[in-house]
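User: Please examine the model shown here and discuss its ligand site and its strands in question-and-answer form.

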Amino acid sequence: MAFEFRYASLEDIDDILAIEVEAMSTPWTYSSYKEAIDSDHAFIVVATEENTIAAFAVFYLTVPEAELPDIVVERGHRGQGLGRLLMDYSLSQLKSKGVDTLFLEVRESNVAARSLYTRVGFEEIGKRKYFYSDPVEDAICMRLDIEI
Ligand SMILES: CC(C)(COP(=O)(O)OP(=O)(O)OC[C@H]1O[C@@H](n2cnc3c(N)ncnc32)[C@H](O)[C@@H]1OP(=O)(O)O)[C@@H](O)C(=O)NCCC(=O)NCCS
């Protein structure tokens, strides 16, 4: 598979939403993605295969820090290394914007996401009790020091 990586534009939101709604119990809305695309302090990276979006990740910036609030690989493309490739591309973008530390929260039971994050180099820095709803669950807080 040959994937390409680029920043999302407003025309991508419907495709991003379709992947998000299929994956998440409390999905983001159209307006949250629009806000991220319109903002100078956020960006969305999409991975495409033959011009079809296969994965995306959202980043909020407070340089030199950033947050990763949402990342999804379309179900049929999971477990093939695309999450890693998307993170690698995104980390190079973050670096070029002067970001040296990336934070995220993840459901304690989300083995796939925790594996991806650990593989990329994130470390656990704490836990937020009952952070998530539907179903209620603790969040694991993680941090990645990006070498600039
Ligand atoms: C989490 C997610 C983005 C991972 O994407 P992916 O493309 O499947 O991940 P990759 O194939 O790049 O795998 C990355 C690493 O995680 C591991 N991994 C992936 N899925 C796994 C699973 N189900 N169980 C255990 N390990 C897993 C891989 O083995 C790989 O490690 P390795 O390089 O040592 O072999 C994807 O599963 C997803 O979209 N899940 C639903 C949305 C979600 O939960 N997002 C995160 C919210 S915080």
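The exchange below concerns a predicted model and turns from the ligand to the strands and loops.

User: Which residues come nearest to the ligand?
Analyst: The model is a predicted one. The ligand has 21 residues around it. Of these, the nearest are Ile71, Gly79, Gly81, Asn110 and Arg119.

User: Which residue places a polar side-chain atom 2.7 Å from an oxygen atom of the ligand?
Analyst: Two of the polar contacts involve the backbone: a polar backbone atom of Ile71 is 2.8 Å from a nitrogen atom of the ligand, and a backbone N or O atom of Val73 is 2.8 Å from a ligand oxygen atom. The side-chain contact, at 2.7 Å from an oxygen atom of the ligand, belongs to Asn110.

User: How much of the accessible area of the ligand does the protein cover?
Analyst: The ligand sits in the largest pocket. On its own, the ligand has 930 Å² of accessible area. The part covered by the protein is 71%.

User: Which element gives the most residues to the shell around the ligand?
Analyst: Strand 4 (65–73), helix 3 (82–96), strand 5 (101–107) and helix 4 (111–120) each give two or more residues to this shell. The greatest contribution is seven residues, and it comes from helix 4.

User: Which class of residue has eleven members in the shell around the ligand?
Analyst: The shell holds four charged residues and six polar ones. The class with eleven members is nonpolar.

User: In which sense do strand 3 and strand 4 pair, parallel or antiparallel?
Analyst: A hairpin of two residues joins strand 3 to strand 4. Within this pairing, Tyr60 has Glu67 of strand 4 as its bridge partner. Strand 3 (residues 52–62) and strand 4 are linked over seven bridges, and their sense is antiparallel.

User: Which residue in strand 5 stands opposite Glu65?
Analyst: Strand 4 and strand 5 run parallel and are joined by three bridges. In strand 5, the residue opposite Glu65 is Thr101.

User: Which residue does a cis peptide bond join to Val63?
Analyst: The bond has an omega of about 15°. The residue joined to Val63 is found in the loop between strand 3 and strand 4. That residue is Pro64.

User: What is the omega of the peptide bond from Asp134 to Pro135?
Analyst: Pro135 lies in the loop between strand 6 (123–132) and strand 7 (137–145). The peptide bond from Asp134 to Pro135 is cis, and its omega is near -5°.

User: What is the phi of Asn51?
Analyst: Asn51 belongs to the loop between strand 2 (42–49) and strand 3. Its phi is positive although the residue is other than glycine, with a value near 65°.

How values were computed
Residues numbered from 1 in each chain as written. Predicted model: local features only at pLDDT ≥ 70, side-chain atom pairs only at ≥ 80, totals over all residues. Heavy atoms only, no water. Near = heavy atom within 4 Å. Polar contact = N/O pair within 3.5 Å; in protein donor to acceptor, adjacent residues only side chain to side chain. Areas by Shrake-Rupley, 256 points an atom, 1.4 Å probe, with all protein chains shown as cover. 1 Å grid on protein atoms, 1.4 Å probe; cavity = no way out; pocket = protein on both sides within 12 Å on 5 of 7 lines; lining within 4 Å. Sits in = over half its atoms within 2 Å of the grid points. Helix = DSSP H or I, 4+ residues; strand = E, 2+ residues; numbered from the N terminus. Nonpolar A, V, L, I, M, F, W, Y, C, P; charged D, E, K, R; others polar. Pairing = 2+ DSSP bridges.
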